[in-house]
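Take a walk through this protein chain, from its surface to its aromatic pairs and its largest pocket. Keep the sequence at hand along the way.

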Amino acid sequence: MDNVRPGSGLSDSPVADDVGILYAEDLRAGDVFELGTTSATEDEIIEFAKRFDPLPIHVDREAAAAGPFGGIIGSAAHSLALYSSLASRVFIPRLALVAGKGIETMRLPNPLRPDVIHTAGIEILEVAPRFRGEDRTTERADLRCAGRLVDDEGRVVLAMAPLQVIRYRMLQQR
């Protein structure tokens with residue numbers, strides 16, 4: 001892909017200091033940012049789930065083995081946390097960010113399995129000026145993206161559409 005911009009490639013690496021801030025003018029639909037890799041052990045999945053989502057498929061090895069997935073799987077919250085940990089180190093700090101607005105959609109088509117390397121990426125879908133009421137100018141844009149977490153066999157584990165508000169360098173006219 002010609003429009004892929006590599007991230008750090010490591011789940012525990014901070015953003016490189018020499019990378020500039022990305023404003024709305026710098027981003028185009030189709031731009032892709034690779035966020036790096038991450039994984040969780042079975043013990044990490046169980047510990048996370050005990051605290052945040054204590055369902056048997058996440059915390060009970062015997063019940064999970066007899067269940068539909070044949071073993072322990074990570075929760076939706078854990079999948080999102082792994083993705084967010086990469087995006088928060090590699091992509092979000094590079095943005096001229098005002099605020100996160102939310103997640104418009106989130107799907108989990110395949111389970112988060114323990115001891116599997118997962119790769120995360122984000123694609124820019126749209127950068128749109130954010131005018132308020134009758135204002136003729138704005139310095140803000142809505143940034144719509146498609147985020148994904150994919151396992152080592154290419155199966156999508158998490159697909160989401162985050163929405164952020166970012167700044168323009170220059171005031172935009174209506």
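About 9,400 Å² of the protein chain is exposed. Carbon and sulfur atoms supply 50% of that area. Keep in mind that this is a predicted model. The chain has 174 residues, and 36% of them count as buried.

Now follow the fold. The protein chain holds four helices and six strands. Starting at the N terminus, the order is β-β-α-α-α-α-β-β-β-β. Two strands come before the helices, and four strands come after them. How do the contacts spread along the sequence? Take the contacts between residues at least 6 apart in sequence: 74% of them join residues at least 24 apart.

Next, the aromatic rings. How many aromatic pairs does a search of the whole structure find? It finds two. One is formed by F33 and F91, whose ring centres are 4.9 Å apart. Their planes meet at 50 degrees, so this pair is tilted. A stacked pair would need planes under 30 degrees apart, and an edge-to-face pair over 60. Where do the two residues sit? F33 belongs to strand β2, residues 32-38. F91 is in the loop between α4 (76-90) and β3 (97-107). The pair therefore ties together parts that are 58 residues apart in sequence.

Are these two residues buried or exposed? F33 has a relative accessibility of 3%, so it counts as buried. F91 is buried too, with a relative accessible area of 1%. The cut-off for buried is under 20%.

The other pair is F48 and F52. Their ring centres are 4.9 Å apart and their planes are at 45 degrees, so this pair is also tilted. Both residues lie in helix α1, which covers residues 42-52. They are four residues apart, about one turn of the helix. F52 has a relative accessible area of 48%, so it is partly exposed.

Last comes the largest pocket. Its volume is about 160 Å³. The pocket is lined by 15 residues, and those closest to its centre are S84, I92, M160, P162 and Q164. Which elements give two or more residues to the lining? They are α4, β3 and β6, the last of these spanning residues 156-173. By class, the lining has nine nonpolar residues, five polar ones and one charged. Helix α4 links two parts of this walk: the loop that holds F91 lies between α4 and β3, and both of these elements contribute to the pocket lining.

Note on methods. Residues are numbered from 1 along each chain as its sequence is written. This is a predicted model: local features need pLDDT of at least 70, side-chain atom pairs count only at pLDDT 80 or more; totals for chains, interfaces and linings use all residues. Side-chain values use heavy atoms; hydrogens and water are left out. Rings of Phe, Tyr and Trp (its six-membered ring) pair if their centres lie within 6.5 Å; planes under 30 degrees apart count as stacked, over 60 as edge-to-face and the rest as tilted. Buried means under 20% relative accessible area, exposed over 50%, partly exposed in between (1.4 Å probe, protein chains only). Contact means heavy atoms within 4.5 Å. Accessible areas come from the Shrake-Rupley method with a 1.4 Å probe; for residues, only the protein chains shown count as cover. On a 1 Å grid over the protein atoms alone, a cavity is a set of points where a 1.4 Å probe fits but cannot get out, and a pocket is an open set with protein on both sides within 12 Å along at least five of seven lines; lining residues have an atom within 4 Å of a point. Grid points are joined across faces, edges and corners, and a volume is the space filled by probe spheres set on the points. Ala, Val, Leu, Ile, Met, Phe, Trp, Tyr, Cys and Pro count as nonpolar, Asp, Glu, Lys and Arg as charged, and the others, Gly among them, as polar.
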